[in-house]
Structure formats: C-alpha cells, structure tokens
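User: Hi! I'm new to this one, could you walk me through its salt bridges?
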Amino acid sequence: MATDDKPCCPKFNPEPWDEKEMTWKDKAFITDRVSSFFHIPLNFGKVITRCMNAIQDANAAPELEDIVVLSDEESLWHSNLFVSVTKPVDGAKNTTISGTFLTKVFEGPYKDMGKWIKTMTQYVSDKGES
C-alpha cells in the first residue's frame, strides 16, 4: 500500500521476466473477476485493492519483488485476475497454477496489443512450442 513517502509498488524491472522460461508446480494464487468493455478493464483498481487487502489481512503476501499478477482475458466483458500468495486466503477463491511458461515483456500503448500477440506467437514458435 502507498504511504506519503513511498509508492505502492516498485518500478517494474523487466529483466527477470523478459524472454524467460518458468516452471511452476502448484504456485498459489487468489483469483477475482474484473469487468471489461471490449477488453478494457472497468474496475481493475477496485478488484486489485480487494485482493491485496485480503492477502495482507491473511498475512499471505509474497515479498514485494515476488508478487505475480496475471490477467486471463476470458471474454470481451471480463477477465480473471490472479494474484500470487504464500498460503491460502480465507474468504477468497484460492487456486494453483502448474506448468512451464515462456515470457516476454512488451511496453507501449494498448493499440499495439495485436502486434505484441503476433510477436509472442512467433517467439513461442521459434522455441518449438505452441
């Protein structure tokens, strides 16, 4: 959470995430739903605040640099938000994710999303994956 002298979040460092392969076994998350309009989030701030408050109340927060927030753009009208935790959180929808994932970092305006999807698809293909 933000204080008068500190921002709520550290400046994003893409290096640990750009062009990496990560394997997770039962990585713990809580999940919530964000309302969207054509994939544009409408209540992201409210949802992430609710998640972070639940995580803090349960003393289940990872170290700040280890927090992972994922968004599954399930439809034009909503996305599923996943926030990493160190243990299950009472009253929240708890889940785990397992698998091997390729990562790549993109930065820029939302209008470039289609270009980034093509770039990522090619990156994954070049690695022999789909």
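Analyst: Happy to; here is a short tour of the charged pairs. This is a predicted model, where local features need pLDDT of at least 70, side-chain atom pairs count only at pLDDT 80 or more, and totals for chains, interfaces and linings use all residues. Residues are numbered from 1 along each chain as its sequence is written, and side-chain values use heavy atoms, with hydrogens and water left out.

User: How many salt bridges are there by this rule?
Analyst: There are seven, counting a side-chain nitrogen of Lys or Arg within 4 Å of a carboxyl oxygen of Asp or Glu.

User: Which residue does Asp 32 meet?
Analyst: Asp 32 pairs with Arg 50, at 2.8 Å from N to O. Asp 32 sits in strand S1 (residues 21-37) and Arg 50 in helix H1 (residues 44-57), 18 residues apart. Helices (H or I, at least four residues) and strands (E, at least two) are DSSP runs, numbered from the N terminus.

User: And what about Arg 33?
Analyst: Arg 33 bridges to Glu 74 at 3.3 Å, N to O. Glu 74 lies in the loop between strand S3 (69-72) and strand S4 (78-84), 41 residues from Arg 33 in strand S1.

User: New topic: is Lys 111 buried or exposed?
Analyst: Lys 111 is exposed at 70% relative accessibility, while its salt-bridge partner Asp 112 is buried at 16%. Buried means under 20% relative accessible area, exposed over 50%, partly exposed in between (1.4 Å probe, protein chains only).

User: Which residues join them in a network?
Analyst: Lys 115 does: shared partners link Lys 111, Asp 112 and Lys 115 into one network of salt bridges.
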